[in-house]
Amino acid sequence: MMGQKTGDETQLFYAFNLDEYVPENHLLRRIDRFLDLSKLRQHLADYYSHTGRPSVDPELMIRMLIVGYCFAIRSERRLCDEVHLNLGYRWFCRLGLEGEVPDHSTFSKNRHGRFRESDVLRFVFDEVVRSCMREGLVKGEGFAVDASVMPANANWREGVAPDEVDWTDPKHNTRAVREYLAALDAGELPEVSPKKVSLTDPMSRWTAATGPAFYAYSTNYLADMACGVIVDVEATHAHRISEVESTKVMIDRVEEQFGLKPERLIGDTVYGAAPMLSWLVDEKGIEPHIPVWDKSERHDGTFSRSDFQWDEAADEYRCPGGKLLRSRQRHRGYKPGTVTRANTIIYRASELDCKPCPLKQQCCPNVTFRKIVRSVHEAARDVARQIAKTPEYQHSYYQRRKVEMLFAHLKCVLKVDRLRLRGLSGAKDEFILAATAQNLRKMANLIGQPPPAHRIGTPA
Ligand code: SF4
């Protein structure tokens with residue numbers, strides 16, 4: 001028999017409990033267990049006046065933003081509509097059935113105004129990391145660092161050479177341009193000037209790091225290797241030096257904020273430059289599980305630097321022919337022991353030794369004597385080379401995938417594959433929110449599952 005719905009659609013009163021309506025295993029209910037915003041008002045107190053009309057509740061704004069980044073709704077207009085219509089979102093935002101959802105323009109104004117000034121998104125991210133630590137998901141033994149390039153909200157077809165644009169033209173008076181000019185005055189931009197700049201988002205960097213060039217920023221993650229929790233995130237220009245430098249900022253900040261200092265840091269070759277390794281080994285006492293950035297190997301059949309024996313105590317190399325290469329060697333106006341602008345010291349063999357040497361064709365066939373260039377941070381590089389031979393390094397090598405997976409999750413699941421906000425501050429806001437959502441989802445999936453009896457479709 002064909003069924004027919006008999007309910008009275010015009011019923012006047014309903015017995016409805018929004019809390020009972022949201023299933024126990026709903027992602028937002030599982031996230032809600034770990035989201036503690038009790039200190040939010042205290043953090044924001046200085047940024048709100050004690051008189052005048054009450055603003056939009058900041059906790060509501062934060063909860064809406066978390067909904068948006070957890071469910072890939074990044075348009076503010078759409079987010080306001082979705083929260084208005086979806087009962088699960090209403091429950092998470094503590095709106096009840098009749099609570100008023102802010103207008104998208106009010107939402108946007110608050111987000112780009114007080115929220116940015118107060119750094120509230122960073123505050124929420126830190127609270128979520130503390131929550132992960134309380135739940136035992138962060139061990140602090142090993143961290144991995146990596147960066148991912150994110151296309152900016154700028155048209156790749158439109159751009160001019162940096163010295164061809166008149167930024168005083170009123171048509172360029174936008175928030176992103178003002179931010180760019182302020183950074184330019186403060187000398188905060190990378191030293192290497194880009195080929196062209198975007199007129200809509202000049203802080204974004206023209207990069208060809210992943211194929212055809214486009215405007216981009218970089219998101220940098222520092223992740224704990226126990227469960228892959230992101231313990232810090234930093235937005236930078238899409239520039240390798242900025243990415244590497246952000247590692248120092250993140251490691252220092254995590255130590256200051258959470259008292260965590262890793263025993264080992266995992267990274268790819270980009271982080272294996274000598275100054276970075278020296279900072280890790282000599283200043284921080286952290287083991288670099290990082291491949292050394294080394295261009296000293298020769299592939300033309302002549303001796304590489306590794307064929308020469310280094311004597312630390314005597315500060316000299318011994319060549320395969322048994323002769324010494326010293327930095328103190330005087331030769332044609334070279335100042336002995338000088339550190340070059342590239343932070344290297346040059347070790348030279350004696351012309352008298354090389355000239356009659358039977359190995360000369362294998363060593364320095366085109367010059368009269370052999371030189372070895374050694375970084376002043378070579379000791380730290382040697383530490384990294386020794387670590388690279390251990391089984392622990394192999395383990396770290398496989399663990400590095402955890403941080404790469406976080407970027408895959410960011411782009412494929414959270415759909416953060418292109419920025420919506422402009423300027424470095426916009427990129428910073430988006431990256432912090434996305435990392436917060438990733439940590440909350442991770443907690444919800446690892447320890448937030450309800451007992452089987454409460455799952456939908458499971459018999460009690
Ligand atoms: S050429 Fe000079 S540096 Fe090279 S093996 Fe001979 S003596 Fe040593």
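In this predicted model, the C-alpha centres of domain 2 and domain 3 are separated by 38 Å. These two belong to a division of the protein chain into domain 1 (18–118), domain 2 (138–291 + 388–431) and domain 3 (305–377), in which domain 2 is written as two segments.

Before turning to details, it helps to consider the confidence of the prediction. The protein chain has a mean pLDDT of 87, with 93% of its residues at 70 or more. Over residues 455–460, however, the pLDDT falls below 50, and this stretch has 8 contacts in the model beyond near neighbours in sequence. Where pLDDT is low, the predicted coordinates should not be read in detail.

Helix α17 offers a route through the helix packing. Helix α4 (residues 58–70) packs against helix α17 (residues 423–447) at an angle of about 80°, the two axes being 9 Å apart. Since angles of 65 to 115 degrees count as roughly perpendicular, this crossing makes α4 roughly perpendicular to α17. On the α4 side the contact is made by L65, I66, Y69 and C70, while α17 contributes L433, A434, T436, A437, L440 and R441. Classified by residue type, the contact of α4 with α17 comprises 8 nonpolar residues, 1 polar residue and 1 charged residue.

A further partner of α17 is helix α10 (residues 175–185), whose axis comes within 7 Å of that of α17 and crosses it at roughly 110°. That angle makes α10 roughly perpendicular to α17 as well. Here R175, A176 and E179 in α10 meet G423, L424 and S425 in α17, and the residues of this contact of α10 with α17 divide into 2 nonpolar, 2 polar and 2 charged. The residue lists thus place the α10 contact at G423, L424 and S425 of α17, whereas the α4 contact involves L433, A434, T436, A437, L440 and R441 of α17.

The remaining feature to examine is the ligand and its surroundings. Which residues are closest to the ligand? Of the 13 residues that surround the ligand, the closest are C319, G321, C354, C357 and C363. Two helices, α13 (351–354) and α14 (360–363), each supply at least two residues of the shell around the ligand. Taken by class, that shell around the ligand contains 8 nonpolar residues, 1 polar residue and 4 charged residues.

Key
Residues are numbered from 1 along each chain as its sequence is written. This is a predicted model: local features need pLDDT of at least 70, side-chain atom pairs count only at pLDDT 80 or more; totals for chains, interfaces and linings use all residues. Axes are lines fitted to C-alpha atoms, for helices over the stretch in contact, and angles run from 0 to 180 degrees between N-to-C directions. Helices (H or I, at least four residues) and strands (E, at least two) are DSSP runs, numbered from the N terminus. Angles under 35 degrees count as roughly parallel, over 145 as roughly antiparallel, 65 to 115 as roughly perpendicular and the rest as oblique. Two residues are in contact if their C-beta atoms, placed from the backbone, lie within 7 Å. Ala, Val, Leu, Ile, Met, Phe, Trp, Tyr, Cys and Pro count as nonpolar, Asp, Glu, Lys and Arg as charged, and the others, Gly among them, as polar. pLDDT is the predictor's confidence in each residue, from 0 to 100. A residue is near a molecule or strand if its C-beta atom, placed from the backbone, lies within 6 Å of it. Domain bounds come from an automatic or database domain assignment.
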